[in-house]
Amino acid sequence: MVNKYMAAGVVAAALVGAAGTAHAGKDLDAVKARGQLICGVNTGIAGFALADSQGKWVGLDVDVCRAVAAAIFGDAEKVKYVPTTAQQRFTALQSGEVDILSRTTTITLTRDTALGFDFTGINYYDGQGFMVNKKLGVKSAKELNGATVCVQPGTTTELNLADYFRANKMTFKPVVIEKVEEVRGAFFSGRCDVFTTDASGLYSTRAANAPNPDDYVILPEIISKEPLGPAVRHGDNQFADIVRWSFNAMLEAEESGITSKNVDEMLKSENPSIKRILGVTPGMGKALGVDEAWVYNIVKQVGNYGESFDRNVGMGSPLKIERGLNKLWTQGGLQYSPPIR
């Protein structure tokens, strides 16, 4: 009779071996042949995706793409960024103009199925809110009956807005503008009373774009669930796996106490889990079809999730957004990675 643990070990080894010899799909092949990942990002939202004064793209969504490039190439800088509007973004992914869409995009059933995408994780738990000028004297979204509201078309924001006002028996006048920078301009010039988008976008807009941030208040109501995450096209499972596990690696690193500053020291750890994560004990890279140092490269060059959050949108950034739901599950949040094993 075969020992059940021996059998389990044989199965696990066979699975790793099979995965390691699997051929890359067409999307991953194209990325490797090009020598560069093409990442669809926002046209410019501070904290998530924004070109700095040197033209370098930075942000929480940008770090997802950098992590994927680090996993595939060992180099987080091998990324080309393509700015996309809310209406252009899905066409850009469907047509192959971009390999991955990492652009404050809400995961929904229809986007996951009808559009033919695979969402590979939630890199930011968000919810839709409202921002107004303090001089309006409004303290609650329930006081917005008859307001003019600036909103982008082709977004879950537009649908949620209509649902919220209808459910609360209020009316509003939409001011629908496609480009986010033009939406901001319309709001700050007084063309509309209210700007609505994901709360993260409101904090970003107030901190980075308001003439005087103290003149604007974000109302307390959060009217929707907006789980934001990267998407790839259906059809290349290995590429989707790499994108999924590159983000998971950032979470696992934070949970394990591995940072960009101590990752070299952590290579000497005797902890079996850390040895497996960092590739000191081989197998995980082969299972994914990448170098065994893939997690090391991600953490060394991009950082763990907590480092990325703090640097881009958290207390180490101008936005100073509380982590809230985006804390690790061990700290009362929702961020939880399946184990790397």
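Helices, labelled H, are DSSP runs of at least four residues and strands, labelled E, are runs of at least two, both numbered from the N terminus. With those labels in hand, the tour of this predicted model can start at the far side of helix H14, where Gly-316 sits in the segment that follows that helix.

**Stop one: Gly-316**

Select Gly-316 and display its surroundings. Its relative accessibility is 51%, and because exposed means over 50%, Gly-316 counts as exposed. Once the neighbours within four places in sequence are set aside, the residues in contact with Gly-316 are Asp-310 and Arg-311.

**Stop two: helix H14**

Next, select residues 305-312, which make up helix H14, and colour them by accessibility: 6 of the 8 residues are buried, so that the helix is mostly covered. The buried set consists of Tyr-305, Gly-306, Glu-307, Ser-308, Phe-309 and Asn-312. To see what these residues pack against, add strand E3 (57-58), helix H3, strand E7 (124-126) and helix H9 (237-255) to the view. Then move to the N-terminal end of H14 and show the side chain of Asn-304, which caps the helix there, with a side-chain oxygen 3.0 Å from the backbone nitrogen of Gly-306.

**Stop three: Cys-39 and Cys-65**

Helix H3, one of the packing partners of H14, also leads to the next selection, since it spans residues 60-73 and carries Cys-65. Show Cys-65 together with Cys-39, and a disulfide appears between them, with the sulfur atoms 2.0 Å apart. The pair links distant parts of the chain, for Cys-39 belongs to strand E1 (residues 37-41) and the two cysteines are 26 residues apart. A torsion of 50° about the S-S bond goes with a right-handed link, and both Cys-39 and Cys-65 are buried.

**Stop four: Cys-150 and Cys-192**

The structure holds 2 disulfides, and the one still to be visited is found by selecting Cys-150 and Cys-192, whose sulfur atoms are 1.9 Å apart. Cys-150 lies in strand E9 (residues 147-151), whereas Cys-192 lies in the loop between helix H7 (180-188) and strand E11 (194-198), so the bond ties together parts that are 42 residues apart in sequence. Which hand does this disulfide have, left or right? The torsion about its S-S bond is about -95°, so the link of Cys-150 and Cys-192 is left-handed. Cys-150 and Cys-192 are both buried.

To close, show the bonded cysteines together: numbered in sequence order along the protein chain, they pair as 1-2, 3-4.

Key:
Residues are numbered from 1 along each chain as its sequence is written. This is a predicted model: local features need pLDDT of at least 70, side-chain atom pairs count only at pLDDT 80 or more; totals for chains, interfaces and linings use all residues. Side-chain values use heavy atoms; hydrogens and water are left out. A disulfide is a pair of cysteine sulfur atoms within 2.5 Å. Buried means under 20% relative accessible area, exposed over 50%, partly exposed in between (1.4 Å probe, protein chains only). Contact means heavy atoms within 4.5 Å. A polar contact is a pair of N or O atoms within 3.5 Å; within protein, one must be able to donate a hydrogen and the other to accept it, and residues adjacent in sequence count only if both atoms are side-chain atoms.
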